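Open the model in your viewer and keep the selection tool at hand. The stops below say what to select next and what is there.

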Amino acid sequence: MSNGFQKFISGKGFYLALAVCLAGAGAAAWVAVDKTINNIENAPLSETPPAQQEEPFTQPAEQKLQDVPKQENFDSHSDKAAKTPDKGEESLSANNDSSTPALQPSVPPESSSEQQKSAEASTQPKMQQPSDDLSFALPVSGASITPFSGDMLVKNETLNDWRTHNGIDISAALGSAVTSSCDGIVTSVHADPMWGNVVEVTSGEYVITYAGLSDEIPVSEQTSVSAGQQIGSVGEIPCELSLEPHLHFDVKHNGKYVDPASLVK
């Protein structure tokens with residue numbers, strides 16, 4: 001008996017037993033898989049994870065096309081409501097318009113011709129009227145070669161720039177006598193790097209300057225001079241050397257330059 005079993009096992013019986021074991025294992029696995037599938041299919045479809053049930057409801061990100069016209073109509077009605085004033089506001093506005101007169105300009109605007117005249121007047125030299133109680137005489141005999149410019153700029157050929165000319169230049173030969181134009185007191189005698197030797201005479205509200213004198217000056221400060229009295233002679237003017245020999249003569253009235261030619265009588 002044992003010999004026959006051993007022969008069976010060593011022969012085809014071994015493989016038959018192995019096949020039976022594999023078939024049993026496969027059947028057991030199939031049963032387990034089938035039960036798992038049945039459990040999944042029988043589970044209720046309405047169940048959702050707890051975290052998803054607690055999420056609040058939100059609007060979809062995209063807007064439906066049929067909802068867009070309704071939104072546009074609503075916005076148009078809102079704009080009309082905002083632009084349409086209330087009846088009470090209309091009556092209040094009408095009352096305000098009727099009670100408040102329109103303000104008129106107190107001064108009419110200038111016409112173009114008046115503005116043009118004003119612009120032309122501003123470019124003209126400002127001349128100050130001389131006083132009636134004071135007369136001047138020319139300090140030297142000669143022609144005026146450079147007039148008074150007032151506020152206008154003129155070219156200075158010696159310095160090669162543009163500046164105002166605050167007096168008049170009277171042509172005279174070197175060494176010609178320079179006399180006082182009026183009675184007064186000598187308030188300054190000095191040498192200026194631009195104007196040469198200078199003598200200033202004060203007469204009331206006027207300060208008269210004689211510039212470009214020679215080194216020999218017969219008057220001194222704080223001395224009285226009379227009209228026609230010699231106060232120096234014609235010399236050189238460093239800032240006007242390009243011109244012919246002359247005397248620079250200017251006058252201030254209350255601290256402002258005036259045209260000396262308008263004071264000569």
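Select His165 and the residues around it in this predicted model. Leaving aside residues up to four places away in sequence, His165 touches Thr146, Pro147, Phe148, Ser149, Gly150, Val154, Glu240 and His248. His165 sits in the loop between β3 (161-163) and β4 (168-171). Its relative accessibility is 7%, so His165 counts as buried, the cut-off being under 20%. Now show polar contacts. The side chain of His165 reaches the backbone oxygen of Pro147 at 3.1 Å. A second polar contact, also listed at 3.1 Å, joins the side chains of His165 and Asp169.

**Arg163 and Asp161**

Next, select Arg163 and Asp161. How many salt bridges does a search of the whole structure find? The search finds one. The side chains of Arg163 and Asp161 meet in a salt bridge, with an N to O distance of 2.7 Å. Arg163 has a relative accessible area of 32% and is therefore partly exposed. Asp161, at 23% relative accessibility, counts as partly exposed too.

**The whole chain**

Zoom out and colour by secondary structure. The protein has five helices and twelve strands. Of its 265 residues, 23% count as buried. The exposed surface of the protein comes to about 19,000 Å², and carbon and sulfur atoms supply 57% of it. Among contacts with a separation of 6 or more, 65% are between residues 24 or more positions apart.

**The nonpolar core**

Which members of the largest nonpolar core touch the most other members? Select Val178, Ile208, Tyr210 and Val251: of the 24 residues in this core, these touch the most other members. The elements that give two or more residues to the core are β4, β7 (196-203), β8 and β11 (246-253). With four residues, β8 gives the most. As background, nonpolar side chains tend to be buried together in soluble globular proteins.

**Phe136 and Tyr206**

The structure holds two aromatic pairs. To see one of them, select Phe136 and Tyr206, which form an edge-to-face pair at 5.7 Å centre to centre, with 70° between the planes. The pair links distant parts of the chain: Phe136 is in the loop between α5 (112-123) and β1 (144-146), Tyr206 is in strand β8 (residues 206-213), and the two are 70 residues apart. Are these residues buried or exposed? Phe136 counts as buried because its relative accessibility is 3%. Tyr206 is buried as well, with a relative accessible area of 4%.

**Ser233**

Move to strand β10 (residues 230-233), where Ser233 is found. Ser233 has 13% relative accessibility and so counts as buried. Add Ser214 to the selection: a polar contact of 2.5 Å joins the side chains of Ser233 and Ser214. Then expand the selection to the contacts of Ser233. Not counting residues up to four places away in sequence, Ser233 touches Gly175, Ser176, Ala177, Val178, Gly212, Leu213, Ser214 and Glu216. One of these, Val178, was selected earlier as a core residue that touches many others, being among the four with the most.

**Asp192**

Now select Asp192, in strand β6 (residues 184-192). Asp192 is partly exposed, with a relative accessible area of 25%. Which backbone nitrogens lie by its side chain? The backbone nitrogen of Met194 lies 2.8 Å from a polar atom of the Asp192 side chain. For the backbone nitrogen of Trp195, the distance to a polar atom of that side chain is 3.0 Å. Adding Pro238 shows a residue 46 positions from Asp192 in sequence, with 9.1 Å between the C-alpha atoms.

**Two positive phi angles**

The last stops concern the backbone. Most residues other than glycine have a negative phi. Select Gln222, whose phi is near 65°, a positive value in a residue other than glycine. Gln222 lies in the loop between β8 and β9 (224-225). With a relative accessible area of 60%, Gln222 is exposed, the cut-off being over 50%.

Finish at Asn254, in the loop between β11 and β12 (256-258). Asn254 is not a glycine, yet its phi is positive at about 55°. Its relative accessible area is 51%, so Asn254 is exposed.

Definitions and conventions
Residues numbered from 1 in each chain as written. Predicted model: local features only at pLDDT ≥ 70, side-chain atom pairs only at ≥ 80, totals over all residues. Heavy atoms only, no water. Buried < 20%, exposed > 50% of the residue type's maximum accessible area, 1.4 Å probe, protein only. Polar contact = N/O pair within 3.5 Å; in protein donor to acceptor, adjacent residues only side chain to side chain. Contact = heavy atoms within 4.5 Å. Phe/Tyr/Trp six-rings, centres within 6.5 Å; stacked < 30°, edge-to-face > 60°. Areas by Shrake-Rupley, 256 points an atom, 1.4 Å probe, with all protein chains shown as cover. Salt bridge = Lys/Arg side-chain N within 4 Å of Asp/Glu carboxyl O. Core = buried A, V, L, I, M, F, W, Y, C linked by side-chain atoms within 4.5 Å.
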